[in-house]
Amino acid sequence: MTSSERMAALISGQKPDRIPVIPFVEGYSSNITGISLGDFYADGDKCFEAQFASMRLHGYEQTPMYGYASCGAWEFGGKIDFPYRKGQGAPYVTEHPVKTIEDIEKLEVPDFEKELPGAYKIADRVAARCFKLGMPVTVQTGSNFTAASVVADTSEFLTWLIMEPKTVHLLLDKVSDMFINALDYFANKYGSESLLPFDGGPSESNNMIPPQMFEEFAYPYMKKVHTHAKELGIHAMLMHPCANQNLNLPYYRKLREELNWSGKYFWLFGPETPIKDQVKAFGEHDVICGNINPTLFLTSSYEELLEICRQNIEEGMKSPSGYILSPGCEFPVNALPVKLMAMVDAAEKYGRYE
C-alpha cells in the first residue's frame, strides 16, 4: 500500500498491509532542508517544505501539520518569540494577554473573519499546501485548558482555579469559542472531510491538576469544541493528552460515549500511559498510537530502538480498531536520522498484518 492507502484503510476500519508510522515530527524536519528552527515555525511555506521532504525521505505516514504547546497567547493579543536561539525547541510566550483576573472580562475572542489571528496565519499556509496535494488539513484546535493556561500568566492561572473559579470558566469559554471559530474557518475553506483537527496539551495532566479539576475545568470545554466538530461533519481527530493523564482516562472515554460520534479519535498518549490501558479504554472504536519515550531516540542505539519499537508494536497490534507506531510526544529535534529510520524499519519488520 501507499501511505495514503494505508491511512485510508485504518480510518475506514480495515487492516492495512502494515501498521502506519506517525513519528510526530515537526521541528526535526527543519534539519532535512537546512532551515533554522525559528524559520520553520515562522514561515508556513518553509514549515511545509521541510515536513514534506522529511516525509518522503523517511517513508512514514505523517503529513505536514502546524502547532505548538503555547497556542493561544498570540491569538488573543499577547506576544511570542520564535525559537532562533540555541536550546529552544518551539515558539514560546513573552507576554501573556491576561495578567490580572480583571483582564479576562475584557478579553475579546478572535473571530477569524477580518484577519486570521496569531499563528493561524502560518497554519493556514501549511493547510493550503496540504490541501492542494490531497493531504489532510491538520490544524490545532485544543486543548482549551492548556491554551487558557498560556493566555493567562501560567502561575496565576493555576492559583485562580482555586481562588477565582467563576472567572476561569469565563476564560475557558472564550478559548473554546476561539477554537470553534478556527474549526469553522478551516471547514468552510477546505471542507470538513479534509480536516484532521489536533487537540492536546500538558497543563491538564495529573502532574498539574487532580482528575476532579479536570472534570470541572477541562472536560466541559473539550466537549463543547468536539461537539461542534461533530456538527460540522468532521470524521477524525488527533488527540494528544500529554504527560501523565492516567487518572483522566475515564473522562476521555466518557467524551467518546457522550458524543456518540461515528468518527475516529487517534489517541497519542505520553509514555506514562501504558498501551494496554489505552487499548482497554479506546481500542474497540478508536486508533491507538504508540507511546515510546521521545528521549530514547536521543539515548538509544538503532538496534535498541528496533527492540523498543517491537515491544510497542506487539502491545499496540492487540487493538481491534488499529494501531500506529509513534513516540509519546514530539520526535526530538536533534535526533539522528537513523533513529527515525528505526521506527520505519520496525514497522516493516514487525508490523505486518497477515
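This report walks through a predicted model, starting with its sheet and moving on to its helices and cores.

**The sheet**

Let's start with the strands. Five of them make an open sheet, lined up in the order E3-E4-E5-E6-E7, and their pairing is parallel. At the edges you'll find E3 and E7 (323-324), each with a single partner strand, so one side of each has no neighbour in the sheet.

Here is how some of the strands pair up:

| Strand pair | Bridges | Sense |
|---|---|---|
| E3 (residues 198-201) and E4 (residues 236-241) | Four bridges | parallel |
| E4 and E5 | Four bridges | parallel |
| E6 (residues 287-289) and E7 | two bridges | parallel |

You can pick out individual partners too. Gly-201 sits opposite Pro-241 in E4, while Ala-236 faces Lys-264 in E5. Over at E7, Tyr-323 is the bridge partner of Ile-288.

Now look at which way the side chains go. In E3, Phe-198 and Gly-200 point one way, Asp-199 and Gly-201 point the other way, and all are buried. E4 follows with its own two sets: Ala-236, Leu-238 and His-240 head one way, and Met-237, Met-239 and Pro-241 head the other way. How many residues of E4 are buried? Six of the six are, so E4 is largely enclosed by the rest of the structure.

**Getting from strand to strand**

How does the chain travel from E3 to E4? The path goes through helix H10 (residues 211-232), and this β-α-β crossover is right-handed. The step from E4 to E5 uses helix H11 (residues 249-259), again as a right-handed β-α-β unit.

Another helix to spot here is H1 (residues 3-11). H1 lies across E5 (264-267), E6 and E7, and runs at about 115° to E5.

**A long helix and the cores**

Next up is helix H9 (residues 165-190). H9 has 26 residues and reaches 37 Å from its first C-alpha to its last, close to the 38 Å expected at 1.5 Å a residue. Right after H9 comes Gly-191, with a positive phi near 90°.

The largest nonpolar core holds 61 residues, and those with the most contacts inside it are Tyr-120, Leu-171 and Phe-186. Which helix gives the most to this core? That would be H9, with 13 residues.

Tyr-120 is worth a click in your viewer. Not counting neighbours within four places in sequence, Tyr-120 touches a whole list of residues, among them Cys-71, Glu-75, Phe-112, Val-139, Met-178, Phe-179, Ala-182 and Phe-186.

There is also a second, separate core of 41 residues, which includes Ile-19, Ile-80, Tyr-323 and Ala-335. You've met Tyr-323 already, as the partner of Ile-288 in the sheet.

**Out on the surface**

Finally, take Met-163, which lies in helix H8 (residues 154-163). Is Met-163 buried or exposed? Its relative accessibility is 58%, and the cut-off for exposed is over 50%, so Met-163 counts as exposed. Try finding Glu-115 as well: Met-163 and Glu-115 are 48 residues apart along the chain, and their C-alpha atoms are separated by 35 Å.

Definitions and conventions: Residues are numbered from 1 along each chain as its sequence is written. This is a predicted model: local features need pLDDT of at least 70, side-chain atom pairs count only at pLDDT 80 or more; totals for chains, interfaces and linings use all residues. Side-chain values use heavy atoms; hydrogens and water are left out. The expected span of a helix is 1.5 Å times one less than its number of residues. A nonpolar core is a set of buried Ala, Val, Leu, Ile, Met, Phe, Trp, Tyr and Cys residues joined through side-chain atoms within 4.5 Å. Buried means under 20% relative accessible area, exposed over 50%, partly exposed in between (1.4 Å probe, protein chains only). Contact means heavy atoms within 4.5 Å. Two strands pair if DSSP finds at least two bridges between them. A crossover is right-handed if, with the strands pointing away from the viewer, the path from the first strand over the helix to the second runs clockwise. Axes are lines fitted to C-alpha atoms, for helices over the stretch in contact, and angles run from 0 to 180 degrees between N-to-C directions.
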